[in-house]
Amino acid sequence: LFTSQVLFQTAFTDPCAGSAPTASPAQCARSGVTPQQYGNIASQSVVNGLMGGNPLLKPETADTVTAGIVLTPLSTVLFSADYWRIKVKNFISNVPPQLALPTCLNTGDPFSCSLIQRDANGSLSTGLGSTAGRIVSTRYNTGSYGTSGVDFEGRYVLSLQSLAAKAGNLSFSFTGSIALDNPINVTPGTSLVDCTDLYGPTCSTVGATTPVPRWRHRLRMTWENRAGFEVSLNWRHIGRMNSEFTSSNPNLSSPDSVFPIDSHINAYDYLDLETGIDATEHLRIRLGVNNLTDKRPPVIGYVANPLLVNGNMAAGVYDVLGRYLFAGLTATF
């Protein structure tokens, strides 16, 4: 709310500036250009933007719905399914100058046009202080986003005592999640888009865990005996992801921006191995290796997807460290 507001310059050409504007008189009038100013605004290659806080902001709020079932048909079998839906309203963000001005010129959207503040000469790049031409890019409550899906969990324990007296147990644990939708509508003047299994400038910036694959799961197999020894093999699966530029939604698609390295990410699979043993009555030792096969993360072009975490990879989804080892000690007393 109370971050200082400051002017900054961004490389962007005002379509209403210069002796031969590329925007029509009617379009420019939507952004505050008078008939006398049209064709007489000095040419420029940058515009002023105003960034910072907004004391009129309202807090983001969320509506959540969850429902689920748990089945235990046998003492060694468990299955559960949980539906969840989260919708966040009053999303706090800003509207980039490169989006606010074209939206105003092309649609006359009142909110976008209110962000265009020209100086006395109609310019967006000259003037000082409060009289400077500018495009307001401070924080606003710009829209909403949400996500919904179904989580599954299953467990099964198989006793091996019939094979040998001290053979122990073999257990299987499964968790999976299917994304139903990931609706995003955070920019005024634009349509709602579903970003499920998509990544890119729009779909990789909103929400807590974006981008969101359609399906992902973990399957862990663990053998343990009565002597306090166990070993586990874990399989992590992440479903295929696609560039938002390949989407059938016209608000996301951009065929000219699709490159082979950016068009999709194949399904990813990781294997983790872990073992634990009770060294003494009060001391347990754990050893393990995650990403056993040293699988490298997918590389995604920065130019086509400038807002991805770490620039060239989706670090919040894929392992970026490769194979790594860990060890742990647990002492009880």
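This report describes the core, the strand pairings, a surface patch and some backbone details of one chain model.

The model is predicted, and local features are taken at pLDDT of at least 70, side-chain atom pairs only at pLDDT 80 or more, while totals for chains, interfaces and linings use all residues. Residues are numbered from 1 along each chain as its sequence is written, and side-chain values use heavy atoms, with hydrogens and water left out.

**Core and helix H2**

Helices (H or I, at least four residues) and strands (E, at least two) are DSSP runs, numbered from the N terminus. A nonpolar core is a set of buried Ala, Val, Leu, Ile, Met, Phe, Trp, Tyr and Cys residues joined through side-chain atoms within 4.5 Å, where buried means under 20% relative accessible area, exposed over 50% and partly exposed in between, with a 1.4 Å probe and protein chains only. The largest such core has 20 residues, of which Cys16, Ala100, Leu101, Ile116, Leu124 and Ile135 touch the most other members. Strand S2 (46-51), helix H2 (97-107) and strand S6 (134-136) each give two or more residues to this core, and the largest share, 4 residues, comes from H2.

The buried residues of H2 are Pro97, Ala100, Leu101, Thr103, Cys104 and Leu105, and what covers them includes strand S1 (6-11), helix H1 (25-30), helix H3 (110-114), strand S5 (116-117) and S6. With contact taken as heavy atoms within 4.5 Å, and not counting residues up to four places away in sequence, Leu101 touches Phe12, Asp14, Pro15, Ser31, Ile116, Arg118, Leu124 and Ile135. Val95, in the loop between S4 and H2, is buried, with a relative accessible area of 3%. Beyond four places in sequence, the residues that Val95 touches are Ala100, Phe111, Leu115, Val136, Ser137, Thr142 and Pro188. Val95 and Ser171 lie 76 residues apart in sequence and 51 Å apart in space, C-alpha to C-alpha.

**Strand pairing**

Two strands pair if DSSP finds at least two bridges between them. Strand S3 (residues 61-74) and strand S4 (residues 77-93) run antiparallel and are joined by 12 bridges, forming a hairpin with 2 residues between them; within this pairing, Val70 stands opposite Ser80 in S4.

An open sheet of 3 strands has the order S11-S14-S15, with mixed pairing. Strand S11 (198-199) and strand S15 (264-265) stand at its edges, each with a single partner strand, so one side of each is left without a neighbour in the sheet. S11 and strand S14 (residues 241-243) run parallel, joined by 2 bridges, and Leu198 has Asn242 in S14 as its bridge partner.

**Surface patch**

Tyr156, Leu158, Phe172, Leu219, Met221, Leu233, Trp235, Leu273 and Leu292 form a nonpolar patch on the surface, with about 660 Å² of accessible area together. Strand S7 (140-159), strand S12 (215-224) and strand S13 (229-238) each give two or more residues to the nonpolar patch. Leu219, placed in strand S12, counts as partly exposed at 31% relative accessibility.

**Positive phi**

Most residues other than glycine have a negative phi. Just after H2, Gly108 takes a positive phi of about 70°, and the table gives two residues other than glycine with positive values.

| Residue | Phi | Place | Relative accessibility |
|---|---|---|---|
| Asn90 | near 60° | strand S4 | 28%, partly exposed |
| Asp197 | near 60° | loop between strand S10 (193-194) and S11 | 15%, buried |

How values were computed: Patch = residues over 30% accessible without salt bridge, like charges linked within 9 Å, V, L, I, M, F, W, Y side chains within 5 Å. Areas by Shrake-Rupley, 256 points an atom, 1.4 Å probe, with all protein chains shown as cover. Salt bridge = Lys/Arg side-chain N within 4 Å of Asp/Glu carboxyl O.
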